[in-house]
Amino acid sequence: MTRSVWLKADGTVGDWESRKERITAGLEAGVDWVLVDETDVARVRELGDVNVAAFRSDADLVEDAESEGAVADAYVVGKNGEGDGTVDLPPDFSGSADLSTLRRDDDRAQGAYVRILSEEYERFAEAAAADAEYTIVVGEDWTIIPLENLIARIGEETDLIAGVTSAEEARTAFETLELGADGVLLDAGDPDEIRSTCEARDAAEREHLDLQYAEVTAVERTGMADRVCVDTGSLMEHDEGMLVGSMSRGLFFVHAETAESPYVASRPFRVNAGAVHAYVRSPGGGTQYLAELASGDEVQVVNTEGDTREAVVGRVKIEKRPMFRVQAEVETEEGTDRIETLLQNAETIKVHTREGRTAVTDLDAGDEMLVYYEDVARHFGEAVEESIIEK
């Protein structure tokens with residue numbers, strides 16, 4: 001599931017300067033969508049590159065917008081209509097104007113906005129979800145239960161967007177029923193709150209890995225090889241690095257170069273990852289060869305607790321360097337399995353052992369290294385159910 005943050009910036013926020021200030025803060029924080037009145041679409045386009053959703057007003061405005069090139073990425077019904085309670089809900093939903101607009105063949109609207117004023121509005125949101133690409137629900141006097149009901153009933157037929165007013169509410173929405181809402185609509189102008197909400201989205205997206213220790217059985221000099229340094233476009237923390245290895249089923253944790261040394265300055269954007277043939281774990285659970293990485297690609301950054309995030313590759317440096325072959329054994333349900341990788345013979349390359357951050361030059365047989373192990377084969381980086389021998 002890909003989570004999203006929508007920022008509410010329609011006329012209820014205030015005048016254009018107030019809306020503009022909120023939208024600018026959202027662009028800087030990395031929101032995915034901005035929800036505005038239809039007349040503001042062109043203005044938002046001028047501020048930056050972001051998905052724009054617009055409350056649908058009059059059909060003529062949509063046609064005028066198309067002629068001026070100011071078309072929203074999605075149109076939403078419900079404001080000043082049945083969805084927000086301005087117009088009473090019909091006894092029979094088949095007579096709903098909002099739902100009829102969603103069902104039109106000309107794709108007049110892709111989203112529905114519903115304030116959950118009662119149980120009847122909850123049912124209305126469920127009906128809207130059958131046709132809406134995006135179903136935005138905003139609670140009034142409720143917290144969790146209606147959202148739980150909608151998550152359970154709607155399933156994957158729509159993107160369910162929960163209205164929130166803070167990052168804390170966003171975290172709750174993303175965690176509800178362990179599945180969480182697909183996105184949140186934030187109604188807040190504080191830049192810190194907007195940024196924290198985007199951080200909550202990122203945290204909900206991240207994969208957690210169960211890392212384990214493997215016993216080192218050999219550390220041998222192997223001569224020269226083409227070594228790859230992966231420089232990312234973001235700084236890494238002291239406990240972060242990447243997972244690399246010669247065998248896709250067993251990847252070694254290699255620290256980022258965050259530590260100071262008497263001879264070399266720290267480079268907290270860099271992981272000296274190993275030889276060109278090795279795998280590196282990528283977001284979503286795939287792998288890539290180190291040699292194939294290029295600027296603009298995404299790699300997975302992981303910390304020693306197994307928490308992950310994504311980082312953009314800014315540069316890849318490949319140079320000939322002397323290498324070590326590091327071999328280790330992992331305890332599995334079937335017994336033990338051997339995994340290995342090549343790492344540069346240099347004091348600045350650090351792995352993680354039971355004793356903590358350890359230079360590969362100080363690594364000995366009998367030490368225990370942090371690794372990620374999964375007993376799967378891979379084809380073009382994707383896990384497959386077949387027998388592959390790596391040695």
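Reader: How many helices and strands does the secondary structure of the protein come to?

Author: Helices (H or I, at least four residues) and strands (E, at least two) are DSSP runs, numbered from the N terminus. The model is a predicted one. Counted in this way, the secondary structure of the protein comes to eight helices and 22 strands.

Reader: Of the 391 residues in the protein, what percentage do buried residues make up?

Author: The C-alpha atoms fill a box of roughly 75 × 45 × 35 Å along the principal axes. A residue counts as buried when its relative accessible area is under 20%. Of the 391 residues, the buried share is 51%.

Reader: Among contacts between residues at least 6 apart in sequence, what percentage join residues at least 24 apart?

Author: Contact here means heavy atoms within 4.5 Å. With pairs at least 6 apart in sequence taken as the whole, the share joining residues at least 24 apart is 61%.

Reader: Which helix gives the largest share of the largest nonpolar core?

Author: The largest nonpolar core has 51 residues, and V31, V36 and L102 have the most contacts inside it. Six residues are the largest share of this core, and they come from residues 119–129, helix α5.

Reader: Which residues does V31 touch, leaving aside those up to four places away in sequence?

Author: V31 is one of the residues with the most contacts inside the largest nonpolar core. Once residues up to four places away are set aside, V31 touches V5, L7, G26, V50, I194, C198 and R201.

Reader: How many residues does the second, separate core have?

Author: In soluble globular proteins, nonpolar side chains tend to be buried together. The second core is separate and includes V244, V254, I349 and V351; its residues number 35.

Reader: Which residue of β12 is the bridge partner of C229?

Author: Strand β12 spans residues 270–275 and is mostly covered, with six of its six residues buried. Strand β9 (residues 212–232) runs antiparallel to β12, and five bridges join the two. Within β12, the bridge partner of C229 is N272.

Reader: Which element gives the most residues to the lining of the second largest pocket?

Author: About 270 Å³ of space lies in this pocket. Two elements, α8 (191–205) and β16 (308–332), give two or more residues to the lining. With three residues, the element that gives the most is α8.

Reader: To which class do the lining residues of the second largest pocket belong?

Author: The lining consists of R3, D32, R201, D202, E205, R206, E298, R309 and E310. Asp, Glu, Lys and Arg count as charged. The lining has no nonpolar and no polar residues, and the class of its nine residues is charged.

Technical notes:
Residues are numbered from 1 along each chain as its sequence is written. This is a predicted model: local features need pLDDT of at least 70, side-chain atom pairs count only at pLDDT 80 or more; totals for chains, interfaces and linings use all residues. Side-chain values use heavy atoms; hydrogens and water are left out. Buried means under 20% relative accessible area, exposed over 50%, partly exposed in between (1.4 Å probe, protein chains only). Two strands pair if DSSP finds at least two bridges between them. On a 1 Å grid over the protein atoms alone, a cavity is a set of points where a 1.4 Å probe fits but cannot get out, and a pocket is an open set with protein on both sides within 12 Å along at least five of seven lines; lining residues have an atom within 4 Å of a point. Grid points are joined across faces, edges and corners, and a volume is the space filled by probe spheres set on the points. A nonpolar core is a set of buried Ala, Val, Leu, Ile, Met, Phe, Trp, Tyr and Cys residues joined through side-chain atoms within 4.5 Å.
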